[in-house]
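Q: Please take a close look at one strand of this protein and describe how it sits among its neighbours. A connected account would suit me better than a list.

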Amino acid sequence: MSTRSACLIFNPSSGNGNPEAELKQIFSLLEPEITLDIRYTKADLEPSQLAQEAIARGVDLVIASGGDGTVSAVAEALVNTEIPLGVIPRGTANAFASALSIPTNIAGACETILNGLIRAIDAATCNGKPCILLAGIGWEAETVEQADREAKNWFGVMAYLVAGIEKLWEIQSFEVELEMDGEISRLRAIAVTVANAAPATSVLAQGPGGVIPDDGLLDVTILSTQTEMSTLGAVSSLMTGALRGVASQHNDVLYLRTNRIKVTTNPPQKVTVDGEITGTTPVEIECIPLGLKVMVPEI
């Protein structure tokens, strides 16, 4: 029987489990069907570099095990290659896995890698850097910065929600200029989220009511509110829409789909890409249609 070869890129500092025990479990589930070459992420070694080296060695599959930051960095090297990405989520939010219905427990994730399907999904770039989930401008970026490591370990996804609501009372609206297809639109907003793929828990991405990860388009949600109460109403409308998979009807929620967008703000706003703060606006985000192959469960 021919076995597949895979490079497992493992972030030992992801999540709050016991990394040695988790690695042992992964190894016992995937071997003997897959020959594993295990590489640890380190502070001075980008996961994308480990993935590039694995591609050069000629592996059949690259597996990322860690949080969304690890998965995103590994995916960066696999965009526009034929090599699929396997995901064993061990982070706080595990938004990428959730968006693609990949189990967020180790046994289920390993089962998906062994017996799942290869699905092509879109990828994107934000100012030339890879983005597989979303870019958040304004409120979302402030929230990510606020939900520090300790809170994330304690509360998981709730840490983001709590930080978001704490931030709401001090958030300032800003001027936004959106440029698409040569057209420019101007408005005031407190948050602009440009999503390639996003689970329902990424509330600020849910304007269109369910982000489609393989339609060749970015899903842009703009929260353009003026008062705190109105914002709470808009956010609860987004949450309800996310749970039901329907578009938000709230007046303060605008949304559109496009394959490329440039967002400029005044004053400049922090930007988070795939859960990591990456600088400030302006940003130019472009979709790479069906640019990434991922192992997903059989439906």
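A: The following account looks at strand S16 and its surroundings. The model is a predicted one, and its protein chain comprises 9 helices and 16 strands. Strand S16 spans residues 283–296, and because 10 of its 14 residues are buried, it is largely enclosed by the rest of the structure.

Two pairings of S16 can be described. Strand S5, residues 117–126, runs antiparallel to S16 and is joined to it by 9 bridges, with Leu 117 standing opposite Val 296 of S16. Strand S13, covering residues 260–266, also pairs with S16 in the antiparallel sense, here over 4 bridges, and Val 263 has Val 283 in S16 as its bridge partner.

S16 also gives two or more residues to the largest nonpolar core, as do, among others, strand S5 and helix H3 (68–78). This core has 35 residues, and Leu 292 and Val 294 are among those that touch the most other members, together with Val 62, Val 74, Leu 85 and Phe 96. The element that gives the most to this core is H3, with 5 residues. Leaving aside residues up to four places away in sequence, Leu 292 touches Ala 75, Leu 78, Val 79, Leu 85 and Phe 96, and also Arg 119, Ala 120, Ile 121, Ala 123 and Ile 132. A second, separate core of 22 residues includes Cys 287, alongside Phe 174, Val 192 and Ile 222. In soluble globular proteins, nonpolar side chains tend to be buried together.

For the chain as a whole, 52% of the 299 residues count as buried, and 71% of the contacts between residues at least 6 apart in sequence join residues at least 24 apart.

Notes. Residues are numbered from 1 along each chain as its sequence is written. This is a predicted model: local features need pLDDT of at least 70, side-chain atom pairs count only at pLDDT 80 or more; totals for chains, interfaces and linings use all residues. Side-chain values use heavy atoms; hydrogens and water are left out. Buried means under 20% relative accessible area, exposed over 50%, partly exposed in between (1.4 Å probe, protein chains only). Contact means heavy atoms within 4.5 Å. A nonpolar core is a set of buried Ala, Val, Leu, Ile, Met, Phe, Trp, Tyr and Cys residues joined through side-chain atoms within 4.5 Å. Two strands pair if DSSP finds at least two bridges between them.
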